[in-house]
Amino acid sequence: MSGLKRKRKVLNIKQKLEILQKLDNGESASTGTEDVQNEGNTISHSVALQSVETLLNYMGQRGFDCGDITAVRKISVDIRQEMNKQQKLDALQIF
């Protein structure tokens with residue numbers, strides 16, 4: 001599997017915000033990325049997580065409300081859960 005490379009595209013700010021809004025509305029990370037994938041772009045869980053962590057850093061620097069920061073942290077937890085589910089599915093498919 002080490003010889004396998006994935007083609008990744010960089011998302012623009014609008015696409016990232018759309019995904020974050022969908023996640024905030026209770027959609028799963030995979031559902032939130034499906035629309036972007038349909039546009040020919042892909043996003044991995046790790047890229048989504050990195051974007052959310054960057055957003056958290058920004059919010060912390062700008063003094064956002066604790067409730068807003070908590071909501072974004074929940075997004076981070078949701079992405080991690082989806083990432084763990086995908087890793088388990090990938091592990092099952094190997095066998």
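A cavity, in the sense used here, is a set of grid points where a 1.4 Å probe fits but cannot get out, and its lining residues have an atom within 4 Å of a point. In this predicted model, the count comes to one cavity of 30 Å³ or more. The largest cavity has a volume of about 50 Å³. Its lining is made up of Lys16, Ile19, Leu20, Leu23, Ile43, Ala48, Ser51, Val52 and Ile79. Two elements, α1 and α3, each give two or more residues to that lining, and α1 provides the largest share, with four residues.

A pocket brings another set of residues into view. The second largest pocket has a volume of about 210 Å³, and it is lined by Leu17, Leu20, Gln21, Asp24, Leu55, Tyr58, Met59, Phe64, Ala71, Val72 and Ile75. Here the elements that contribute two or more residues are α1, α3 and α4. Once again α1 gives the most, with four residues. Leu20 is a helpful landmark for the reader, as it appears in the lining of the largest cavity and also in that of the second largest pocket.

The packing of the helices can be followed next. In soluble globular proteins, nonpolar side chains tend to be buried together. The largest nonpolar core of the model holds 15 residues, and the members that touch the most others are Leu23, Val52, Ile75 and Ile79. Two or more residues of this core come from each of α1 (13–24), α3 (45–62) and α4 (66–94). Ile75 offers a close-up of these contacts: leaving aside residues up to four places away in sequence, it touches Leu20, Leu23, Asp24 and Val52. Of these partners, Leu23 and Val52 also line the largest cavity, while Leu20 and Asp24 are found in the lining of the second largest pocket.

Helix α3 deserves a look of its own. At 1.5 Å a residue, its 18 residues should span 26 Å, and the end C-alpha atoms are indeed 26 Å apart, so the two values agree. The buried residues of α3 are His45, Ala48, Leu49, Ser51, Val52, Leu56 and Met59. Because they cover an arc of only 160° around the axis, they lie on the same side of α3. The face turned away from this buried side carries the exposed residues Gln50, Asn57 and Gln61. Just after α3, Gly63 takes a positive phi of about 75°. Among the buried residues of α3, Ala48, Ser51 and Val52 reappear in the lining of the largest cavity, and Met59 is part of the lining of the second largest pocket.

Note on methods. Residues are numbered from 1 along each chain as its sequence is written. This is a predicted model: local features need pLDDT of at least 70, side-chain atom pairs count only at pLDDT 80 or more; totals for chains, interfaces and linings use all residues. Side-chain values use heavy atoms; hydrogens and water are left out. A nonpolar core is a set of buried Ala, Val, Leu, Ile, Met, Phe, Trp, Tyr and Cys residues joined through side-chain atoms within 4.5 Å. Buried means under 20% relative accessible area, exposed over 50%, partly exposed in between (1.4 Å probe, protein chains only). Contact means heavy atoms within 4.5 Å. The expected span of a helix is 1.5 Å times one less than its number of residues. The arc is that of the directions from the helix axis to the C-beta atoms. On a 1 Å grid over the protein atoms alone, a cavity is a set of points where a 1.4 Å probe fits but cannot get out, and a pocket is an open set with protein on both sides within 12 Å along at least five of seven lines; lining residues have an atom within 4 Å of a point. Grid points are joined across faces, edges and corners, and a volume is the space filled by probe spheres set on the points.
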